[in-house]
Amino acid sequence: MDVEQKLRELPDWRREGDEIRRTITAPDFPTAIRVVDEIAVEAEALNHHPDIDIRWRTLHLALTTHDRGGLTELDFTLAARIDAIAAKHGA
Ligand SMILES: C[C@H](O)[C@H](O)[C@H]1CNC2=NC(N)=NC(=O)C2=N1
């Protein structure tokens, strides 16, 4: 997998070591929690779970595949789904 190419397709994500990270700022706290709730549905569907740090209406997300010791397609699949959820909520 070409990580650099994947990152070009997901400009809101940046690589930090073995992870990709993005920050989402929602319009308000309840919306931020709804975004987390919808991410949880996708995470369960993929059996792939982000680290999520909730700070009022700002979410810090990190993805990696611990099982494989680094980034895999699953990280980028979930990242794209997270982007769609964020966009839907104006975040
Ligand atoms: C046993 C279970 O399949 C694993 O723990 C899964 C669950 N969700 C996961 N999520 C993420 N982000 N990385 C993993 O390696 C991972 N592993």
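Here is a quick tour of this structure, from its sheet to its core and its ligand shell. Keep in mind that the model is predicted. At its heart is a topic worth learning well: an open sheet of four strands, in the order β1-β2-β4-β3, with antiparallel pairing. There is also a nonpolar core of 17 residues, the largest one here, and a set of residues around a ligand.

**The sheet as a whole**

- Start with the strand order, β1-β2-β4-β3, and you'll see which strands end up on the outside. β1 (14–16) and β3 are the edge strands, each with a single partner, so one side of each has no neighbour in the sheet.
- The strands aren't laid out perfectly flat against one another: on average, neighbouring strands of this sheet are turned by 25° against each other, direction ignored.
- As a bit of background, strands of a sheet pair through backbone hydrogen bonds, and the pairing can be parallel or antiparallel.

**Strand by strand**

- β1 and β2 are joined by three bridges in the antiparallel sense. One spot to look up is R15, which stands opposite I20 in β2.
- These two strands make a hairpin with two residues between them, and G17 in that turn has a positive phi of about 65°.
- β2 (residues 19–25) also pairs with β4, again antiparallel, this time over six bridges. You can trace this pairing through R21, whose bridge partner in β4 is A62, then I24, which stands opposite L59, and T25, which is partnered with T58.
- On its other side, β4 (residues 58–63) runs antiparallel to β3, with five bridges joining them. Here D53 stands opposite H60 in β4.
- β3 and β4 form a hairpin too, with two residues between the strands, and W56 takes a positive phi near 50° there.

**Covered or uncovered?**

- Which residues of β4 sit on its covered face, and which on its uncovered one? The covered face has L59, L61 and L63, while T58, H60 and A62 make up the uncovered face. This fits a handy rule: in a regular strand, the side chains alternate between the two faces of the sheet.
- β3 (residues 51–55) is hardly covered, and the count of buried residues among its five is zero.
- T25 is in strand β2 and counts as partly exposed, because 14 other C-beta atoms lie within 10 Å. Setting aside residues up to four places away in sequence, T25 touches R57, T58 and A91.

**The nonpolar core**

- Which members of the largest nonpolar core touch the most other members? They are I24, V35, A79 and I82, out of 17 residues.
- The core draws on several elements: β2, α2 (29–46), β4 and α3 each supply at least two residues. Helix α3 gives the most, with five residues.
- Helix α3 (residues 73–88) lies across β2 and β4, and runs at about 165° to β4.
- V35 is a good residue to click on: leaving out residues up to four places away in sequence, V35 touches I24, A26, L59, I85, A86, H89 and A91.
- More broadly, nonpolar side chains tend to be buried together in soluble globular proteins.

**A look at helix α1**

- L7 is found in helix α1 (residues 3–9). With 17 C-beta neighbours inside 10 Å, L7 counts as partly exposed.
- Not counting its neighbours within four places in sequence, L7 is in contact with W13 and R15.
- L7 and A87 are 80 residues apart along the chain, and their C-alpha atoms are separated by 18 Å. For another pair, T25 and D67 are 42 residues apart in sequence and 29 Å apart in space, C-alpha to C-alpha.

**Around the ligand**

- What residues are around the ligand? They are N47, H48, H49, L63, T64, T65, H66 and D67.
- By type, this shell divides into one nonpolar, six polar and one charged residue.
- L63 has shown up twice now: L63 is one of the residues around the ligand, and L63 belongs to the covered face of β4.

Conventions. Residues numbered from 1 in each chain as written. Predicted model: local features only at pLDDT ≥ 70, side-chain atom pairs only at ≥ 80, totals over all residues. Near = placed C-beta within 6 Å. Nonpolar A, V, L, I, M, F, W, Y, C, P; charged D, E, K, R; others polar. Buried ≥ 20, exposed ≤ 12 C-beta atoms within 10 Å, placed from the backbone. Pairing = 2+ DSSP bridges. Axes fitted to C-alpha atoms, helices over the stretch in contact; angles between N-to-C directions. Contact = placed C-beta atoms within 7 Å. Core = buried A, V, L, I, M, F, W, Y, C linked by C-beta atoms within 7 Å.
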